[in-house]
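User: Please go through this entry with me. I should like each label to be justified by its value and its cut-off.

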Amino acid sequence: MEERRRNQRVPFNSKINIESLYREGELESIDISSEIKITNISRSGIGFISEIELPKNHYFNCKLAIDEDRMFYCVLRIIRSIKTNEGFDIGGEFVGLGDILGHQIDDYVNEIND
């Protein structure tokens, strides 16, 4: 099978909270208040498990801590949601991630691969 991902994913064990989801151009947001378990990360986004289904093409803000020294705020867009035995396997794509933050993720990926 041909690899279609732009960036290499590596395992990542962390949790974040999603307070609400919003869609571009819409004034209303969806309040969900859900903790999610991140399973992997790449320069382009994260994969995570959620107990509830999250709608595609919605956005959320999050605080992502790579380790004690590397933490940043970002916006993610939900691009995939697949029902599994654990809940929903969801893919989130970083939106407008600055180069300096992208380099932090690249550094983490390289550390995992060494």
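Analyst: A contact, or touch, is a pair of residues with heavy atoms within 4.5 Å. By that criterion V95 touches Y59, V75, L76 and R77, not counting residues up to four places away in sequence. The model is a predicted one, in which local features need pLDDT of at least 70 and side-chain atom pairs count only at pLDDT 80 or more, while totals for chains, interfaces and linings use all residues. Residues are numbered from 1 along each chain as its sequence is written, and side-chain values use heavy atoms, with hydrogens and water left out.

User: What makes up the secondary structure of the protein, and in what order do the elements run?

Analyst: The protein has one helix and six strands, in the order β-β-β-β-β-β-α from the N terminus. Both kinds are DSSP runs numbered from the N terminus, helices being H or I over at least four residues and strands E over at least two.

User: Why does the radius of gyration of the protein agree with that of a compact globule?

Analyst: The rule, taken over C-alpha atoms, is 2.2 Å times the number of residues to the power 0.38. For 114 residues it gives a value near 13 Å, and the protein has 14 Å, which agrees. Along the principal axes, the C-alpha atoms fill a box of roughly 40 × 30 × 25 Å. Of the contacts with a separation of 6 or more, 53% join residues 24 or more positions apart.

User: Why is S14 called buried?

Analyst: Buried means under 20% relative accessible area, exposed over 50%, and partly exposed in between, with a 1.4 Å probe and protein chains only. S14 has 16% and is therefore buried. This residue lies in strand β1 and, beyond four places in sequence, touches I36, K37, I38 and A65. Across the protein, buried residues make up 41% of the 114 residues.

User: Why does S81 receive the label buried?

Analyst: The relative accessible area of S81 is 19%, so this residue also counts as buried. S81 is placed in strand β5, and its contacts outside four places in sequence are E53, L54, F88, D89 and I90.

User: Why is D31 called exposed?

Analyst: D31 reaches 66% relative accessibility and therefore counts as exposed. It sits in strand β2, where its contacts beyond four places in sequence are E19 and S20. Its C-alpha atom is 17 Å from that of K63, 32 residues apart in sequence.

User: Why are V95 and R77 called partly exposed?

Analyst: V95 has a relative accessible area of 36% and R77 one of 23%. Both values fall in the intermediate class, so both residues are partly exposed. V95 belongs to strand β6 and R77 to strand β5. Among the residues that R77 touches are N57, H58, Y59 and V95. The C-alpha atoms of R77 and I46, 31 residues apart along the chain, are separated by 10 Å.

User: What makes the phi of N57 notable?

Analyst: Most residues other than glycine have a negative phi. In N57 phi is near 60°, a positive value in a residue other than glycine. N57 is located in the loop between β3 and β4 and, at 36% relative accessibility, is partly exposed.

User: What makes up the largest nonpolar core, and which residues have the most contacts inside it?

Analyst: A nonpolar core is a set of buried Ala, Val, Leu, Ile, Met, Phe, Trp, Tyr and Cys residues joined through side-chain atoms within 4.5 Å. The largest has 27 residues, with I46, F60 and L64 making the most contacts inside it. β1 (10-22), β2 (29-42), β3 (45-50), β4 (59-65), β5 (71-84), β6 (87-95) and α1 (99-113) each supply at least two residues. The largest share, five residues, comes from β1. L64 touches, among others, F12, I16, I38, I46 and F94.

User: How many charges of each sign does the protein carry, and how far apart are their mean positions?

Analyst: There are 14 positive and 21 negative charges, with mean positions 6 Å apart. Lys and Arg count as positive and Asp and Glu as negative, with His and the chain ends not counted; each charge is placed at NZ of Lys, CZ of Arg, CG of Asp or CD of Glu.
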